[in-house]
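Colleague: I should like a close look at a single part of this structure, with its setting in the chain explained as well. Please treat the matter in one connected account.

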Amino acid sequence: MIVTVTVNPMIEQFHEVPGFAAGETHRPESAASVVASGKPLNVARALRDLGEEVVAVVATGGSTGQEILERLEEEHLDSRHVRLAQESRRGFTVFGGGRTSTVYGPAPGISDA
């Protein structure tokens, strides 16, 4: 079994915005796709898809943390969580205008407790 550890996961929205330019107003033609993200979660997905037995350990807090866990369950990605006192982060990525721009929300603090 392989264990991945994601201390700072987030809910990420992916928007396809043809002709995207900073400083302009845009209205995407389709709804954003929404996933629980974080590099270790991506590794866990890839390992699972390759047939490996994997467990993703994630640190989550608040309603966003609950949404992360729900999305992992929907994906059938085996996970365990460590509860945080602070809210997990959210972010978004925009694909368009030949570029990709990502905005990460502030990370929750993690204490030894």
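Colleague: How much space lies in the second largest pocket? Please also describe what lines the pocket and what surrounds the elements involved.

Modeller: The model is a predicted one, and the second largest pocket in it holds about 170 Å³ of space. Its lining comprises 13 residues, of which Ser-37, Gly-38, Lys-39, Arg-89 and Tyr-104 are the closest to the centre. By character, the lining divides into 4 nonpolar, 6 polar and 3 charged residues. Four elements supply at least two lining residues each: strand S2 (10–16), H1, strand S6 (89–96) and strand S7 (99–104).

To place these elements, consider the chain as a whole. It has 2 helices and 7 strands, which run β-β-β-α-β-α-β-β-β from the N terminus on. The C-alpha trace spans about 45 × 35 × 20 Å along its principal axes. Of the 113 residues, 35% are buried. Among contacts with a separation of 6 or more, 62% are between residues 24 or more positions apart.

Helix H1, which covers residues 39–49, deserves particular attention, as one of the elements that contribute to the pocket lining. Its buried residues are Leu-41, Ala-44, Arg-45 and Leu-47. These residues lie on the same side of H1, because they cover an arc of only 165° around the axis. An α-helix has 3.6 residues a turn, so residues three or four places apart point the same way. On the other side of H1, Lys-39 and Asp-49 are exposed; Lys-39 is also among the residues closest to the centre of the pocket. The cover over the buried residues of H1 includes strand S1 (2–6), strand S3 (33–37), strand S4 (54–60) and helix H2 (62–74). After H1 comes Gly-51, with a positive phi near 95°.

The buried side of H1 leads to the largest nonpolar core, which consists of 12 residues. Leu-41, Ala-44 and Leu-47 belong to this core, and other members include Ile-11, Ala-36, Val-54, Ala-56, Ile-68 and Leu-77. H1, S4 and H2 are the elements that give two or more residues to the core. In soluble globular proteins, nonpolar side chains tend to be buried together.

Two core members illustrate how H1 and S4 meet. Leaving aside residues up to four places away in sequence, Ala-44 touches Thr-4, Val-54, Ala-56 and Leu-77. Ala-56 itself lies in strand S4 and counts as buried because its relative accessibility is 0%. With the same sequence neighbours left aside, Ala-56 touches Thr-4, Leu-41, Ala-44, Asp-78, Ser-79 and Arg-80. The C-alpha atoms of Ala-56 and Ile-2 are separated by 8.5 Å, although these residues are 54 apart along the chain.

One further backbone feature concerns the loop between H2 and strand S5 (79–83), where His-76 is found. His-76 has a phi near 60°, a positive value in a residue other than glycine. Most residues other than glycine have a negative phi, and most peptide bonds are trans. His-76 counts as exposed because its relative accessibility is 68%, whereas Ala-56 is buried at 0%.

Notes:
Residues numbered from 1 in each chain as written. Predicted model: local features only at pLDDT ≥ 70, side-chain atom pairs only at ≥ 80, totals over all residues. Heavy atoms only, no water. Buried < 20%, exposed > 50% of the residue type's maximum accessible area, 1.4 Å probe, protein only. Arc of directions from axis to C-beta. Contact = heavy atoms within 4.5 Å. Core = buried A, V, L, I, M, F, W, Y, C linked by side-chain atoms within 4.5 Å. 1 Å grid on protein atoms, 1.4 Å probe; cavity = no way out; pocket = protein on both sides within 12 Å on 5 of 7 lines; lining within 4 Å. Points joined across faces, edges and corners; volume = space filled by probe spheres on them. Nonpolar A, V, L, I, M, F, W, Y, C, P; charged D, E, K, R; others polar.
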